[in-house]
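Trainee: I am new to this structure and would like to understand the words people use for it. Could we go through them together?
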Amino acid sequence: MEVGMLPISASKRGKLLSNGYTTLLSISRASLSDLARDLQVSEGEASEIMKCASKTSTLDLSTGTHTTTVVNGGQTAWAMLNEEKFSLHITTSCTDLDNILGGGIICKEVTEIGGVPGIGKTQIGIQLAVNVQIPPEYGGLGGKAIYIDTEGSFMVERVLQIAEACIEDMSEYSSHFHKDFQASEVKTHPNSILENIFYFRVCSYTEQIALVNYLDKFITEHKDVKIVIIDSVTFHFRQDFDDMALRTRLLSAMALKLMKLASKFCLAVVLLNQVTTKHIDGSFQLTLALGDSWSHSCTNRIILFWNGNDRHAFIDKSPSLKSASAQYSVTPKGIRNSTSCKRIKMM
């Protein structure tokens, strides 16, 4: 049973979803004070919501019958379908890219984004770290970001530039939808956006594994984190590995932990990947790094590529999205639509 079907007001359901309470189990696990704080309501109102969730958890609204949970963690296909209807997304700031992604980068899933150097992987990572903070009243999640930098490519000056552009976009949104612009002026400051990005620099694969293992505790203490970005997941695993079987086991264990984090905390995990060459049908072709076994470790896989002087993003793998390609641009303001953008759908 999902939050979207609770018999409470639409505004309260919206507050629950925007704060990551997408299942009744997530409400039952929260403390009364945490729920009241996250929803910005009184503890009395939070208590009523918890009571409502408790009563509804045993009632199947589709049949009107009561059910009991046999195994903890079990979920019906009906509940999964309703969960997908209320999936949270993080915009990329490129409408055409968002469209093929069903609204943006989806929460509760691991998305891999890979491509050649200079294609804009880090730019997309920074854009997402900023956009996850867009307040709910502007269509965002109002969350925070964790950015794990393995290559030293994170540029704080660029983050500030994209943050300022994001605030400009929100101001334009306000002026367009509100007659009294002063009353709806954006209160977010670029400095506050930078303060809501938790940055970690890791210099070896052992540090990377240790940090991934630590994330569960960190996010438990910072429940408003809604995205984890690793830039790149590949770097420390492409060198100093003679035992490839060991590398595969370490990568598989790390991927499993990241998938659990995404599901447990209703957040998006974005893994930026590099490319390598692979011998296929008598010729060498570019493919994403870390091998075939790694390609099955992520829910969604997006490949970035050049077509002449234009950047394109192609959905290579997804259980819920159609294979499609969209054009995007890297501008001084961040990721945006390309002026010559033409979407190409693939069969």
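Mentor: Happily; we will take the terms in turn and set the values against the cut-offs. Please keep in mind that this is a predicted model.

Trainee: Thanks! What makes up the chain, in terms of helices and strands?

Mentor: The chain has twelve helices and 16 strands. Of its 347 residues, 46% are buried. Among contacts with a separation of 6 or more, 62% join residues 24 or more positions apart.

Trainee: Let us start with a helix pair. Why are H10 and H11 called roughly parallel?

Mentor: Helix H10 covers residues 205-221 and helix H11 covers residues 244-265, and their axes cross at roughly 15 degrees. Angles under 35 degrees count as roughly parallel, and therefore H10 and H11 earn that description. Their axes come within 11 Å, and the crossing is left-handed.

Trainee: Which residues make the contact between H10 and H11?

Mentor: On the H10 side they include Tyr205, Ile209, Val212 and Ile219, and on the H11 side they include Leu250, Met254, Leu258 and Phe265. By class, the contact has ten nonpolar, three polar and three charged residues.

Trainee: On to burial. How do you know that glycine 114 is buried?

Mentor: The cut-off for buried is under 20% relative accessible area. Glycine 114 has a value of 0%, so it is buried. This residue lies in strand E5, residues 110-115.

Trainee: Which residues does glycine 114 touch, leaving out those up to four places away in sequence?

Mentor: Glycine 114 touches Lys121, Asn273, Leu288, Ile302, Ile303 and Leu304. Take isoleucine 302: it is 188 residues from glycine 114 in sequence, while their C-alpha atoms are 6.4 Å apart in space.

Trainee: What makes alanine 145 buried or exposed?

Mentor: Alanine 145, in strand E6 (residues 144-149), has 0% relative accessibility and therefore counts as buried. Its contacts beyond four places in sequence are Ala129, Val132, Asn196, Ile197, Phe198 and Ile227. The C-alpha atoms of alanine 145 and asparagine 196 are separated by 6.4 Å, with their positions 51 residues apart along the chain.

Trainee: And how do you know whether isoleucine 193 is buried or exposed?

Mentor: Isoleucine 193 belongs to helix H9, residues 190-195. Its relative accessibility is 2%, so it counts as buried. Outside the residues up to four places away, isoleucine 193 touches Val130, Gln133, Ala163, Ile167 and Thr188.

Trainee: What makes helix H7 mostly covered?

Mentor: Helix H7 spans residues 121-131, and eleven of its eleven residues are buried. Among them are Lys121, Ala129 and Val130. You have met these names already: Lys121 touches glycine 114, Ala129 touches alanine 145, and Val130 touches isoleucine 193.

Trainee: Now a residue with another label. Why is glutamine 40 called exposed?

Mentor: The label exposed needs over 50% relative accessible area. Glutamine 40 reaches 71%, so it counts as exposed. It sits in the loop between helix H3 (32-39) and helix H4 (43-56). In H3 itself, the buried residues are Asp34, Leu35, Ala36, Asp38 and Leu39.

Trainee: What makes the backbone of glutamine 40 worth a remark?

Mentor: Most residues other than glycine have a negative phi. Just after H3, glutamine 40 takes a positive phi of about 55 degrees. Serine 93 also has a positive phi, near 75 degrees, and is found in the loop between strand E3 (89-90) and helix H6 (95-100).

Trainee: Why does serine 93 count as partly exposed?

Mentor: Partly exposed lies between the cut-offs for buried, under 20%, and exposed, over 50%. Serine 93 has 22% relative accessibility, so partly exposed is the label it gets.

Trainee: Where is there a cis peptide bond?

Mentor: A cis peptide bond joins aspartate 231 and serine 232, with omega at about -5 degrees. Serine 232 is in the loop between strand E8 (225-231) and H11.

Trainee: Last one: how many disulfides does the structure hold?

Mentor: Zero. As for individual cysteines, cysteine 94 has a relative accessible area of 0% and is therefore buried. Cysteine 298, at 4%, counts as buried too.

Terms used
Residues numbered from 1 in each chain as written. Predicted model: local features only at pLDDT ≥ 70, side-chain atom pairs only at ≥ 80, totals over all residues. Heavy atoms only, no water. Axes fitted to C-alpha atoms, helices over the stretch in contact; angles between N-to-C directions. Helix = DSSP H or I, 4+ residues; strand = E, 2+ residues; numbered from the N terminus. Parallel < 35°, antiparallel > 145°, perpendicular 65-115°, else oblique. Left-handed = near helix turned anticlockwise from the far one by under 90°. Contact = heavy atoms within 4.5 Å. Nonpolar A, V, L, I, M, F, W, Y, C, P; charged D, E, K, R; others polar. Disulfide = S-S within 2.5 Å. Buried < 20%, exposed > 50% of the residue type's maximum accessible area, 1.4 Å probe, protein only.
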